[in-house]
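Let us take a walk through a protein together. Keep the picture at hand and follow along as we go.

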Amino acid sequence: MNILIVGSGGREHVLAWKIRQSPKVKQLYCAPGNGGIAELAQCVDIAADDIAALVQFARENKIDLTVVGPEAPLVAGIVDAFEQEGLKAFGPGREAALLEGSKVFAKEFMHDCNIPTAQFHVFDNVEKAKAFITRAMYPLVIKADGLASGKGVAVCKDLMEAEKAVDEIMVRKVFEGAGAQIIVEECLEGEEVSVLAISDGEHFCLLDSAQDHKRIFDEDVGPNTGGMGAYSPAPVLTEKLRKTIENRIIEPAIRGMQRNGTPFKGVLYAGLMITADGPMVLEFNVRFGDPEAQAVLPRMKGDLVEVMLASCEGWLDKVELGWDKHSCVCVVICSGGYPGEYETGKEISGLKEAGAMSRTIVFHAGTKKSGDKFLTAGGRVLGVTSLASGIEKAIEQVYKAVDQIKFERSFCRRDIGSKAFKWIRRRSEVAR
Ligand SMILES: Nc1ncnc2c1ncn2[C@@H]1O[C@H](COP(=O)(O)OP(=O)(O)O)[C@@H](O)[C@H]1O
Ligand SMILES: [Mg+2]
């Protein structure tokens with residue numbers, strides 16, 4: 001088969017790495033790809049959101065399956081555009097992708113399907129929104145409706161912060177049309193975890209758990225980022241909790257989309273808060289998380305291409321996913337200044353040494369190749385990933401590999417994976 005991956009981050013690198021292992025693959029392309037992906041796939045200079053050019057490329061190069069990494073092309077309808085041309089693409093169609101493309105749509109859908117989520121109000125009018133937040137209890141959470149690259153949510157501790165968020169989204173329109181509506185919702189307390197499922201519209205399989213680290217600094221301090229690291233499996237997710245999430249959240253969501261006539265194919269990602277009242281949905285995404293994918297996919301046994309074909313063609317009930325018992329930790333190395341401004345073009349050293357360590361893979365997120373050197377080309381630069389028996393060993397191993405890698409003003413969190421210890425300790429205390 002000829003396969004095209006759309007995207008250019010660490011998520012697309014791990015997809016390329018996993019897809020490459022499939023005996024079904026003949027040619028692998030990635031548009032636009034990055035320096036690391038170029039070692040596994042032929043990179044094609046087409047932007048991930050240039051749907052017309054991607055369709056044309058797929059037609060001309062006899063692509064049998066296109067795998068879409070990021071949300072923007074999915075929300076813009078890339079899968080529909082491919083299917084109209086008789087081309088196969090893994091991911092939801094435009095209407096199903098609204099689960100991520102519109103937080104208002106997602107909240108109303110959850111309400112209709114009785115899926116547990118925070119209490120909420122929707123506003124499309126600044127005065128009404130302000131009148132509401134003046135009377136509200138704090139803390140509360142304000143969200144722009146549409147895609148905002150992970151920057152459209154503010155957790156507000158008082159009215160001043162809430163007014164600032166409303167002004168940014170609705171008056172200064174920093175997210176443009178994505179801020180035409182806002183959600184004001186109850187602030188939930190608990191631990192965050194993501195649960196991902198792959199569906200063919202009717203059947204679905206859960207992936208093994210992973211936990212992301214969104215904040216820039218250790219101990220979850222500082223501003224949100226695209227994700228500073230992840231580990232899998234996440235012990236906060238017990239078998240019992242997983243079952244609850246499957247029955248109360250994933251299954252009703254798949255059934256609800258089916259009932260609405262917009263069956264959900266692809267990856268359904270539920271961002272959850274495990275509250276004292278049980279798991280509640282913070283948001284849905286409609287694709288693999290980045291960097292959760294870098295922590296989960298290395299643990300997946302079997303052929304990902306087969307799973308994706310089953311999702312496109314409706315026979316996921318014939319597929320069983322298996323998981324490596326080892327723990328996997330992915331640490332993201334960033335450019336100094338990220339998530340604010342940063343410089344690019346810095347030479348990266350130590351990649352070979354890090355990659356040569358036991359069961360360690362260096363996924364590239366923002367790099368480009370220049371001759372035989374790799375240069376930084378983004379805020380999140382690399383996702384160093386190690387597998388080992390037990391989370392402690394995986395953490396030790398991954399940081400040994402991280403310490404091999406150097407570039408000017410590089411930094412990373414030093415505590416990725418350590419959240420797992422709390423749950424492991426708690427469980428062993430209960431067992432005693
Ligand atoms: N209702 C809520 N209560 C507490 N924290 C929230 C709530 N909603 C979102 N958050 C926090 O904000 C982050 C981003 O919100 P999310 O809905 O996942 O949007 P996005 O990923 O699109 O920015 C979450 O990971 C979580 O930390
Ligand atoms: Mg989120």
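The report below moves from the domains to the ligand, then to the strands and a few unusual backbone spots.

**Domains**

Please keep in mind that this is a predicted model. The chain is split into domain 1 (2-94), domain 2 (125-180) and domain 3 (191-421). Between the C-alpha centres of domain 1 and domain 3 there is a distance of 19 Å. Where these two touch, 28 residues of domain 1 meet 32 residues of domain 3. On the domain 1 side, α1 (10-20), β4 (65-68) and α3 (71-75) each give at least two residues. The largest share, seven residues, belongs to α1. Sorted by class, this side of domain 1 holds 14 nonpolar, nine polar and five charged residues.

**Around the ligand**

Now look for ligand 1. Which residues come nearest to ligand 1? Of the 15 residues around it, they are Ala118, Val141, Val153, Leu188 and Glu283. The shell around ligand 1 takes at least three residues from domain 2 (125-180) and at least three from domain 3 (191-421). At the level of strands, β8 (153-156), β9 (182-186) and β17 each supply at least two residues of this shell. Its make-up by class is seven nonpolar, three polar and five charged residues.

**An open sheet and a hairpin**

Strand β17 turns up again in an open sheet of four strands, ordered β11-β10-β16-β17, with antiparallel pairing. The edges of the sheet are β11 (204-206) and β17 (278-285), and each of them pairs on one side only. On average, neighbouring strands here are turned by 30 degrees against each other, direction ignored. Within the sheet, β10 (residues 191-200) is joined to β11 by three bridges. Across this pair, Ala197 stands opposite Leu206 of β11.

Further along the chain you will find a hairpin made by β22 and β23, with two residues between the strands. Four bridges hold β22 (residues 367-370) and β23 (residues 373-376) in an antiparallel pair. One residue to find is Lys369, whose bridge partner in β23 is Phe374. In the turn, Gly371 has a positive phi of about 65 degrees.

**Unusual backbone spots**

Positive phi also appears at two residues that are not glycines, Arg359 and Arg409. Here they are side by side.

| Residue | Phi | Place |
|---|---|---|
| Arg359 | about 45 degrees | loop between α12 (351-355) and β21 (360-364) |
| Arg409 | about 60 degrees | loop between α13 (391-402) and β25 (410-411) |

Why is Arg359 called partly exposed? Because 17 other C-beta atoms lie within 10 Å of Arg359, it falls between the limits of 12 or fewer for exposed and 20 or more for buried. Arg409 is partly exposed too, with 13 other C-beta atoms within 10 Å.

Two peptide bonds are cis. One joins Ala31 and Pro32, with omega about -5 degrees, and Pro32 sits in strand β2 (residues 27-32). Another runs from Asp290 to Pro291, with omega near 20 degrees; Pro291 belongs to the loop between β17 and α10 (292-296).

**One last residue**

Finally, find Asp112 in helix α6 (residues 103-113). Is Asp112 buried or exposed? Asp112 is exposed, because 12 other C-beta atoms lie within 10 Å. The C-alpha atom of Asp112 is 8.4 Å from that of Gly256, although the two residues are 144 residues apart along the chain.

Definitions and conventions: Residues numbered from 1 in each chain as written. Chains lettered and ligands numbered in written order. Predicted model: local features only at pLDDT ≥ 70, side-chain atom pairs only at ≥ 80, totals over all residues. Pairing = 2+ DSSP bridges. Axes fitted to C-alpha atoms, helices over the stretch in contact; angles between N-to-C directions. Near = placed C-beta within 6 Å. Nonpolar A, V, L, I, M, F, W, Y, C, P; charged D, E, K, R; others polar. Domains from an automatic or database assignment. Contact = placed C-beta atoms within 7 Å.
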